[in-house]
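Please look through the structure below alongside its sequence. The paragraphs after it go from single residues to strands and a helix, and then to the protein as a whole.

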Amino acid sequence: MSGNGNAAATAEENSPKMRVIRVGTRKSQLARIQTDSVVATLKASYPGLQFEIIAMSTTGDKILDTALSKIGEKSLFTKELEHALEKNEVDLVVHSLKDLPTVLPPGFTIGAICKRENPHDAVVFHPKFVGKTLETLPEKSVVGTSSLRRAAQLQRKFPHLEFRSIEFSAIILATAGLQRMGWHNRVGQILHPEECMYAVGQGALGVEVRAKDQDILDLVGVLHDPETLLRCIAERAFLRHLEGGCSVPVAVHTAMKDGQLYLTGGVWSLDGSDSIQETMQATIHVPAQHEDGPEDDPQLVGITARNIPRGPQLAAQNLGISLANLLLSKGAKNILDVARQLNDAH
C-alpha cells in the first residue's frame with residue numbers, strides 16, 4: 001500500500017498544473033459583469049484552463065467632478081489596465097469597446113470583439129415622470145448627460161428640454177449597460193437613430209491583448225462575432241478618419257442586411273444647431289470564422305482578427321473612410337474644430 005501511495009504522490013507531482021490566464025478589468029460593477037460574461041465564454045471553450053480576474057481602478061474611475069469630455073485624456077479607462085498588460089501582470093483586458101481609442105498604444109491590439117448588445121441609448125426617467133417620453137416631458141425639464149454626442153443630438157430634436165449634468169427629470173445611459181446590470185425595468189424609452197445615434201463601438205466588448213502574444217491572440221479569437229466585428233471596424237475607421245473623439249459630437253448607426261453593410265455617421269455643433277449626416281453602404285458578406293491558418297496582415301483600426309477573412313474587414317474599413325471623406329467634403333472639419341474649441345474654452 002505504501003508503494004501505491006508513493007506512486008500516486010509522484011504522479012500528482014508530475015502532472016501538469018492547470019494554466020492560469022489572468023484577466024484585467026475595471027473595478028466597477030458593470031465592468032465586472034461584462035468581464036464575468038467573457039470569462040464564462042472562455043471557460044466553456046477551454047475547460048482545461050483556469051481564469052483569474054484582476055480588478056483595478058482607472059483614471060476615469062477616480063475623476064468624479066469633471067465631465068470626461070473636458071479632460072482631453074484619450075485613455076481614461078484603459079491606461080492603468082494597459083500598464084498591467086505591458087508588465088505581464090495580466091494576459092488580457094476586457095473593455096467596453098467605446099472606451100478604446102481608434103489608435104492604440106504601440107504593442108497592443110484588440111484581439112476580440114464580442115457579440116454586440118443593443119447599441120442604442122436609453123432614457124431612465126425620474127419616478128414622477130415614469131410613462132413619459134422626452135417629447136412629452138414638461139418644458140424646461142432637465143435631462144442629465146455629460147455626453148456631448150447625446151446632448152448635441154437631443155437638443156436639436158427636443159428644443160424644449162435642457163441637457164446638463166445636474167439634478168434631472170431623466171438621464172440618458174447606454175441600453176447595453178442597463179441590460180447587463182439587470183435594470184431592464186428602469187428603461188423608460190429607447191432612443192432610435194432618428195432621435196440619437198450612438199457612440200462608435202457602443203454595446204460591444206473589446207478584449208485587448210499584447211499584439212505579439214500569439215498564444216493569447218489565438219485563445220481570445222473564439223470570442224469574435226463576425227457581424228459585430230465588421231460593423232465596429234467601419235465605425236472605428238469613420239471616427240479615426242474624422243479625427244473625432246469624446247471631446248466632439250460624433251455618432252454612428254450601422255446595420256447589416258442582405259449582404260449590405262449600411263453605415264450612417266454624423267457630426268454636430270455643441271448646441272446641435274449645425275450638423276452633417278450621411279449614409280453609405282457596401283456589399284460585405286458576413287463570413288464564418290475560417291480555419292485556413294492565420295493571416296499575417298497588420299491590425300485594422302486597432303483590431304486583429306486573424307480567423308476572419310481579410311476581404312470583408314478591408315471593405316468595412318474602406319466604407320468608414322469613404323463616409324468620413326464624404327462628411328469632410330461637406331464641411332465636417334469646421335464643425336468639429338469649432339466644437340473642440342468651444343468645449344476646451346468652457
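**A walk through the predicted model**

His160 lies in the loop between helix 6 (148-157) and strand 7 (162-164). The coordinates used here come from a predicted model. Despite its place in a loop, His160 counts as buried, because its relative accessibility is 17% and the cut-off for buried is under 20%. The side chain of His160 reaches the backbone oxygen of Leu137 at 3.2 Å. Leu137 is also among the contacts of His160 once neighbours within four places in sequence are left aside; the others are Leu134, Glu135, Pro138, Glu139, Lys140 and Ser141.

Strand 1 (residues 20-26) offers another starting point, and Gly24 is found in it. Gly24 has a relative accessible area of 0% and is therefore buried. Outside the residues up to four places away in sequence, Gly24 touches Ile54, Leu81, Val90, Leu92, Val93 and Val94. The C-alpha atoms of Gly24 and Leu85 are 8.0 Å from each other, although 61 residues separate the two along the chain.

Which residue of strand 3 stands opposite Gly24? It is Val93, a residue that Gly24 also touches. The two strands concerned, strand 1 and strand 3, are paired in the parallel sense, with two bridges between them.

Strand 3 (residues 92-96) is mostly covered, with five of its five residues buried. The cover extends to both of its faces: Leu92, Val94 and Ser96 are buried on one side, and Val93 and His95 are buried on the other. Strand 3 is also joined to strand 10, in this case by four bridges, and the two run antiparallel. In strand 10, Leu205 is the residue that stands opposite Ser96.

Strand 10 (residues 205-210) has six buried residues out of six, so the rest of the structure largely encloses it. Besides strand 3, strand 10 pairs with strand 4 (residues 108-113), where five bridges hold to the antiparallel sense. Here Ile110 and Glu208 of strand 10 stand opposite each other. Strand 10 thus has antiparallel pairings with strand 3 and with strand 4.

Next comes helix 2 (residues 29-45), which has 17 residues. At 1.5 Å a residue the helix should span 24 Å, and its end C-alpha atoms are 25 Å apart, so the two values agree. Which residues of helix 2 are buried? They are Ala31, Gln34, Thr35, Val38, Val39 and Leu42. Seen down the helix axis, these buried residues fall within an arc of 130 degrees, and therefore they line one face of helix 2. On the other side of helix 2, Gln29 and Ala44 are exposed.

What do the buried residues of helix 2 pack against? Their partners include strand 1, strand 3 and strand 10, the strands followed above. They also pack against strand 2 (50-56), helix 7 (175-180) and helix 8 (214-220).

Strand 12 (residues 260-268) holds Thr264. Thr264 is buried, because its relative accessible area of 14% falls under the 20% cut-off. The side chains of Thr264 and Thr279 are joined by a polar contact of 2.7 Å. Leaving out residues up to four places away in sequence, Thr264 touches Met197, Ala251, Val252, His253, Glu278 and Leu323 as well as Thr279.

The cysteines come next. A disulfide is a covalent bond between the sulfur atoms of two cysteines. How many disulfides does the structure hold? There are zero. Cys114 is buried, with a relative accessible area of 11%. Cys196 is likewise counted as buried, at 0% relative accessibility.

The last step is to the protein as a whole. It has eleven helices and 13 strands. Of its 346 residues, 49% are buried. Among contacts between residues at least 6 apart in sequence, 73% join residues at least 24 apart. The 61 residues along the chain between Gly24 and Leu85, with C-alpha atoms separated by 8.0 Å, give one example of residues far apart in sequence being brought to such a separation.

Conventions:
Residues numbered from 1 in each chain as written. Predicted model: local features only at pLDDT ≥ 70, side-chain atom pairs only at ≥ 80, totals over all residues. Heavy atoms only, no water. Buried < 20%, exposed > 50% of the residue type's maximum accessible area, 1.4 Å probe, protein only. Polar contact = N/O pair within 3.5 Å; in protein donor to acceptor, adjacent residues only side chain to side chain. Contact = heavy atoms within 4.5 Å. Disulfide = S-S within 2.5 Å. Pairing = 2+ DSSP bridges. Expected span 1.5 Å × (residues − 1). Arc of directions from axis to C-beta.
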